[in-house]
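Open your viewer and get your selection tool ready. Shall we take a walk through the charged side chains together?

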Amino acid sequence: MSALIYSVFGSREEAREVATRLLDEKLIACANVIGRIEALFEWDGERGGGEEIAVLFKTHADRLDAAVARMEQLHPYDTPAILGWRADASGAATAQWLGELVR
């Protein structure tokens, strides 16, 4: 089964560093660095905003929890937003490709 992880970073370089480490450690098969997004948020009772770099990581469901935990260790933010979920459906070729992570 496939899984996805979404997170944001302060810079493209930070996003690439984390993605490279997760690829090296075989926790993900791909990272799509989507690019700059505008973030509007509430933090510590204050409204804020800014630009961040969005990334979508692709992995196998069996690696999801480990990938999220490792990303928390590697992420440069003190309190990063990291959201992971198992995909209900995926193409056969995608499932096979991501399945190679657990072989």
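This tour of a predicted model stops at its salt bridges, of which there are five.

**First stop: Arg-70 and Glu-25.** Select both residues and show their side chains. Their closest N and O atoms lie 2.8 Å apart, and the two form a salt bridge. Now colour by secondary structure: Arg-70 belongs to helix H2 (residues 64-74), while Glu-25 sits in the loop between helix H1 (12-24) and strand S2 (30-43). The pair links distant parts of the chain, 45 residues apart. If you switch on a surface, look for Glu-25, which is partly exposed at a relative accessible area of 31%.

**Second stop: Arg-36 and Glu-51.** Move on to this salt bridge, where the closest N and O atoms are 3.5 Å apart. Which strands hold the two partners? Arg-36 lies in strand S2 and Glu-51 in strand S3 (residues 46-60), so the salt bridge ties together parts that are 15 residues apart in sequence. Are these residues buried or exposed? Arg-36 and Glu-51 are both exposed.

**Third stop: Arg-47 and Glu-42.** Select these two and you will find their side chains meeting in a salt bridge, at 3.6 Å from N to O. Arg-47 has a relative accessibility of 74% and Glu-42 one of 53%; each counts as exposed because its value is over 50%.

**Last stop: a network.** Finally, select Arg-21, Glu-25 and Arg-70 together: salt bridges with shared partners join these residues into one network. You have already met part of this group, since Arg-70 and Glu-25 were the pair with N and O atoms 2.8 Å apart.

Key: Residues are numbered from 1 along each chain as its sequence is written. This is a predicted model: local features need pLDDT of at least 70, side-chain atom pairs count only at pLDDT 80 or more; totals for chains, interfaces and linings use all residues. Side-chain values use heavy atoms; hydrogens and water are left out. A salt bridge is a side-chain nitrogen of Lys or Arg within 4 Å of a carboxyl oxygen of Asp or Glu. Helices (H or I, at least four residues) and strands (E, at least two) are DSSP runs, numbered from the N terminus. Buried means under 20% relative accessible area, exposed over 50%, partly exposed in between (1.4 Å probe, protein chains only).
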